[in-house]
Amino acid sequence: MNDMMKNFIDIIKPIVAILIALMAFDLLIRFIIAKTKKNKNIKSSTCKDAIINDYPYVKRILLSKAESEFYKILQICIPDNYLLFAKVRLWDFIDTTAKSNRIQYTNKIQSKHVDYLITDTDGNPLVAIELDDASHNYDERKKRDNFVDNTLNAAQISIIRIHTSYSYSKEDIERQIKEAIKEAIKK
């Protein structure tokens, strides 16, 4: 039996040695792959961090929930052959006629916007629409609203102010828009 066991061990030794070598080789390959992936992640995150540090910006949602819901209603109410835009800076569609102090007048309008703007298909601004929530009741906001209204009137652009609500009358909004467009075309 001892001889038989010796022969068995002699036969098994090379097989066990080969299995151990294969397992060691497998571990080595797995280690190399893991190291390579880790280095790639470090390089890309370092690059990403550099971009974030140089450009510390993230996207924001353009419209509040109320503005977005109202925009959908306006899309239905706008007559054919007119375009609807949201959150447009005054400076994007109004210019100053001032020869002196041009920069001063430009600065007053460049950071203000209207919630919605209706134009004809050529991009000619006709009607601005403001969706007024409770914040428009504060004195500072009233001053801002007054400035915007006067600026739009000077530029011969109609303004519609609508108070936020849980529901809107489609017919009433359509009527206001049609009247404001007619008024703007007369100007």
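Buried means under 20% relative accessible area, exposed means over 50%, and partly exposed lies in between (1.4 Å probe, protein chains only). The model is predicted: local features need pLDDT of at least 70, side-chain atom pairs count only at pLDDT 80 or more, and totals for chains, interfaces and linings use all residues. Residues are numbered from 1 along each chain as its sequence is written, and side-chain values use heavy atoms, with hydrogens and water left out.

**Exercise 1. Describe the overall fold pattern and burial.**

Step 1. Take the elements from DSSP runs, numbered from the N terminus: helices are H or I of at least four residues, strands are E of at least two. The protein has six helices and four strands.

Step 2. Read them along the sequence. The pattern is α-α-β-α-α-β-β-α-β-α.

Step 3. Turn to burial. Of the 187 residues, 25% are buried.

Step 4. Check contact range, where contact means heavy atoms within 4.5 Å. Among contacts between residues at least 6 apart in sequence, 65% join residues at least 24 apart.

**Exercise 2. Place E67 and classify its exposure.**

Step 1. Find the element. E67 lies in helix α2, residues 65–77.

Step 2. Apply the area cut-off. E67 has a relative accessible area of 12%, so E67 is buried.

Step 3. List the neighbours, not counting residues up to four places away in sequence. E67 touches L62, K87, D115, Y116 and L131.

Step 4. Look at the polar side. A polar atom of the E67 side chain lies 2.8 Å from the backbone nitrogen of S64.

**Exercise 3. Find the pocket that E67 helps to line, and describe its lining.**

Step 1. Set the terms. On a 1 Å grid over the protein atoms alone, a pocket is an open set of points with protein on both sides within 12 Å along at least five of seven lines, and lining residues have an atom within 4 Å of a point. A volume is the space filled by probe spheres set on the points.

Step 2. Pick the pocket. The second largest pocket is lined by 14 residues, and E67, D115, L131, D133 and H136 lie nearest its centre. Its volume is about 200 Å³.

Step 3. Assign elements. α2, β2 (113–120), β3 (125–132) and α5 each supply at least two lining residues.

Step 4. Count by class: Asp, Glu, Lys and Arg are charged, Ala, Val, Leu, Ile, Met, Phe, Trp, Tyr, Cys and Pro nonpolar, and the others, Gly among them, polar. The lining has two nonpolar, five polar and seven charged residues.

**Exercise 4. Describe the largest pocket in the same way.**

Step 1. Its volume is about 240 Å³.

Step 2. Its lining includes I94, Y105, K108, F147 and A155. α4 (102–110) and α5 (139–154) are the elements that give two or more residues to this lining.

Step 3. The classes are seven nonpolar, three polar and two charged residues.

**Exercise 5. Compare the loop residues N101 and Q156.**

Step 1. Locate them. N101 lies in the loop between α3 (90–93) and α4. Q156 lies in the loop between α5 and β4 (158–163).

Step 2. Read phi. For N101, phi is near 60°, a positive value in a residue other than glycine. For Q156, phi is also near 60°.

Step 3. Classify exposure. N101 has a relative accessible area of 46%, so N101 is partly exposed. Q156 is partly exposed because its relative accessible area is 46%.

Technical notes:
Polar contact = N/O pair within 3.5 Å; in protein donor to acceptor, adjacent residues only side chain to side chain. 1 Å grid on protein atoms, 1.4 Å probe; cavity = no way out; pocket = protein on both sides within 12 Å on 5 of 7 lines; lining within 4 Å.
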